[in-house]
Each structure stands twice: as structure tokens, then as C-alpha cells.
Amino acid sequence: MTAGRTLNTLSQEWGTPEKYVNAVREFFRGHIALDPCSNEYSIVHAQTEYRLPKHDGLRETWDSPTIYVNPPYGIDKERGTSIKKWLCRCATAHKEYKSEVLALVPVATNTGHWKNNVFGKATAVCFLYDTRLKFLVNGQNGGKGAPMSCAMVYWGKDFDRFLSIFAKFGAVIDLRPLKGKKFGECSENGQMDLIPEEEPEEEG
């Protein structure tokens, strides 16, 4: 879960469980081009991996065709970053480079980073049925389950493929109808930004 960053006094690296790594690899047809927040114990084995302290994934380029992100879930006080910056980079990579992006993140639908970078920008989300998703700890099984619900979020063009691969892990929701729409205006704290209409993507 810390995905290449040590948070506060924690020394453990929480990695993606094997079944989800396999699903991500299947979705990307066997080729994960970039893992921007990797660590020495990662089993993702992307073609390019950014690892601290040498490479900070938030400062490096994300110009890659396929990207998998398991970001640190807490706040990195040393660098002044949090999960909202990772989700912003996911949405930006898809918009700027047409990257296909998958991210394993906590379910936090009331937060600004979901309102700004998932709703209205992502293509789909799979709310995982695992009650307490058990991340790998320093590359090994046996870690405690995550204290929060988790989801796999997708920014890309192939909703049908995402549905076919991730439906076995949870409830897949099509977010495409939210793109370019204003929503949540009747809530106390609605949508953070007005999402502009996106230009239609070219076929092929």
C-alpha cells in the first residue's frame, strides 16, 4: 500500500496481491509499461519502475501506454504528498498521453480527489468485494487486511474489457455517463471542479 514510500515511522512496503497483479497484466495483454510507485519487493515487474529514493514517481514522466498504480495511501510528510496527487497524475496521464491506467485505491467517494479525478474523468471503477484486502507485506503473504474498502479505477477506452476481467472481483460501474457533466450540486460539498466537455477521442 505504501508502494515505494515509507510513511512516518512505518518500514513495511504493502504490495498488490498476486491475483490483482495477474488481472492487471491480463487487462494490459501481458505488458505493464510503467509502475510509477514501485518498491524492491514489487511483483508487478513493469517495464519501467520508479522507486524512491532515486526516482520519485510524482516528478517523473508518465508518458507510457499502460500504467498500473498502487499509490501510498497515507500522507508523505517529507515530500508533502498524498493520494490525491497520485490520482491526479492518473487522470492527467490518460488525458495528455492517452495512457491506459489502472489504480488500486481506497474507496473515498466523498473526498476531493475522487470528485476531481475519478468521477467525471475515469471510465469505470470496480468496487472490490474483498472485505479486507490483504496486501503483500515486503513481498510476502500474511499481512493484515486493509482497514478500508478498496477499488480498482480505470482511465481508458476499453470499458468492455475492464468489465470482462474485473467483474469477478467486485461490482463494476460504468462512469462514462458522468464525463463532461456537472453533478452533486445539491450536496453540501458538491463537485469540486466543473468538468469541461472532453474532445471526442479519435478512433483507432
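**Entry 1: strand β8**

I began with β8 and found the strand mostly covered, with six of its six residues buried. I note that the model is a predicted one. I then looked up which way the side chains point. Cys 150, Met 152 and Tyr 154 point one way from β8, while Ala 151, Val 153 and Trp 155 point the other way.

Next I looked up the partners of β8. With β5 the strand pairs in the antiparallel sense, over six bridges. I recorded one bridge partner here: Val 153 in β8 for Ala 103. β6 is joined to β8 by four bridges, and these two strands also run antiparallel. In that pairing I found Cys 126 opposite Met 152 of β8.

**Entry 2: the nonpolar core**

I asked which residues have the most contacts inside the largest nonpolar core. They are Leu 102, Trp 114, Met 152, Trp 155, Phe 162 and Phe 166, in a core of 55 residues. At least two residues of this core come from each of α1 (18-27), β4 (66-69), α2 (83-97), β5 (100-106), β6 (124-128), β8 (150-155) and α4 (159-166).

I followed Leu 102 further, leaving aside its neighbours within four places in sequence. Its contacts include Val 24, Phe 27 and Phe 28, as well as Ile 67, Tyr 68 and Val 69. Leu 102 is also in contact with Met 152, Val 153 and Tyr 154, and with Phe 162 and Phe 166.

**Entry 3: aromatic rings**

I looked up the aromatic pairs and noted twelve in the structure. For Phe 166 and Phe 169 the ring centres are 6.0 Å apart and the planes stand at 50°, so I entered the pair as tilted. Both Phe 166 and Phe 169 are buried. Ring pairs link these two with Tyr 20, Phe 27, Phe 28, Tyr 154 and Phe 162 into a cluster.

**Entry 4: Thr 123**

I located Thr 123 in the loop between α3 (112-117) and β6. Is Thr 123 buried or exposed? Its relative accessibility is 1%, so I entered Thr 123 as buried. The side chain of Thr 123 reaches the backbone oxygen of Gly 156 at 2.5 Å.

Beyond its neighbours within four places in sequence, Thr 123 is in contact with Tyr 154, Trp 155, Gly 156 and Phe 159, among others. The list of contacts also holds Ile 173, Asp 174, Leu 175, Arg 176 and Lys 179.

**Entry 5: salt bridges**

How many salt bridges does the structure hold? I noted four, and looked up several of them in turn.

The side chains of Lys 19 and Asp 130 meet at 3.1 Å, N to O. This pair links distant parts of the chain, with Lys 19 in helix α1 and Asp 130 in the loop between β6 and β7 (136-137), 111 residues apart. Lys 19 counts as partly exposed because its relative accessibility is 40%. Asp 130, at 28%, also counts as partly exposed.

Glu 49 and Arg 51 form a salt bridge through their side chains at 2.8 Å, N to O. I entered Arg 51 as partly exposed, with a relative accessible area of 32%.

Asp 174 and Arg 176 form a salt bridge at 2.7 Å, N to O. The relative accessible area is 29% for Asp 174, which is partly exposed. Arg 176 is partly exposed as well, at 39%. I note that Asp 174 and Arg 176 are both among the contacts of Thr 123.

Notes:
Residues numbered from 1 in each chain as written. Predicted model: local features only at pLDDT ≥ 70, side-chain atom pairs only at ≥ 80, totals over all residues. Heavy atoms only, no water. Core = buried A, V, L, I, M, F, W, Y, C linked by side-chain atoms within 4.5 Å. Buried < 20%, exposed > 50% of the residue type's maximum accessible area, 1.4 Å probe, protein only. Contact = heavy atoms within 4.5 Å. Pairing = 2+ DSSP bridges. Polar contact = N/O pair within 3.5 Å; in protein donor to acceptor, adjacent residues only side chain to side chain. Phe/Tyr/Trp six-rings, centres within 6.5 Å; stacked < 30°, edge-to-face > 60°.
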